[in-house]
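Student: Could you take me through a close look at one residue in this model, and then show how it sits in the whole protein? I'd like the contacts and the burial spelled out.

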Amino acid sequence: MNLLTTILIIIIASYGLYKLFFFIKRKRAAEWIEQDKFQETMRTAQVIDVREKEDYNRGHILGARSVPYTISRAHKEYLLAIRKDAPIYLYDNRTSMAIYMAGLLKKEGYKDIYILKGGYMNWTGKTKQK
C-alpha cells in the first residue's frame, strides 16, 4: 500500500467515526423529527433555536426561542427557560449543535427531545427575518 492510499483510508475511517459519534450521541438523547411532522406539531412543543444569537437575529423559524448552546453549556440557568413538561424541538443550521444541546438537556433530566432533521438550512416553513 502506498502513502496516498493509507492517507485516504485514514481520512475515510475518521469521517466514519465522526458520523458514528454523532449518531450514537443523538440516539441517546433525542429523536429526529421530519419537517412536515415538526410543522404539524410545533404549536404543542417548545421550539428552541440553539444557534448563536446573531444567527437567530438574521432569521429563525417563526415561533422559535433563542437558547444558544454555547451559552447554555456554560450557564445552565439558561436551561430554566425550557419546561420539562412539554416536548422540546431543537434546531440549528444543520444538526450538530442541536445534538450537543440534546445531550445537555438529557443530562439535566429533560425528556421528549426532538431534533429537526436537516436543520434550519433545509427549512421551507415560515420564518421571521430581520
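Tutor: Happy to! In this predicted model, the side chain of glutamine 35 forms a polar contact with the side chain of threonine 124, at 2.5 Å. Thr124 also appears in the list of residues that glutamine 35 touches once those up to four places away in sequence are set aside; the others on that list are Leu116, Asn122, Trp123 and Gly125. As for its own place in the chain, glutamine 35 belongs to helix 2, which covers residues 35-41.

Next, burial. The relative accessibility of glutamine 35 is 17%, and because the cut-off for buried is under 20%, this residue counts as buried. Across the protein, buried residues make up 38% of the 130 residues.

Now let's step back to the whole chain. The protein has five helices and seven strands, and read from the N terminus their order is α-β-α-β-α-β-β-α-β-α-β-β. Among contacts with a separation of 6 or more, 67% join residues 24 or more positions apart. As for dimensions, the C-alpha atoms fill a box of roughly 55 × 30 × 25 Å along the principal axes.

Finally, the surface and the charges. About 8,300 Å² of the protein is exposed, with carbon and sulfur atoms supplying 57% of that area. There are 23 positive and 13 negative charges, and the mean positions of these two sets lie 2 Å apart.

How values were computed
Residues are numbered from 1 along each chain as its sequence is written. This is a predicted model: local features need pLDDT of at least 70, side-chain atom pairs count only at pLDDT 80 or more; totals for chains, interfaces and linings use all residues. Side-chain values use heavy atoms; hydrogens and water are left out. Helices (H or I, at least four residues) and strands (E, at least two) are DSSP runs, numbered from the N terminus. Buried means under 20% relative accessible area, exposed over 50%, partly exposed in between (1.4 Å probe, protein chains only). A polar contact is a pair of N or O atoms within 3.5 Å; within protein, one must be able to donate a hydrogen and the other to accept it, and residues adjacent in sequence count only if both atoms are side-chain atoms. Contact means heavy atoms within 4.5 Å. Accessible areas come from the Shrake-Rupley method with a 1.4 Å probe; for residues, only the protein chains shown count as cover. Lys and Arg count as positive and Asp and Glu as negative; His and the chain ends are not counted. The place of a charge is taken as NZ of Lys, CZ of Arg, CG of Asp or CD of Glu.
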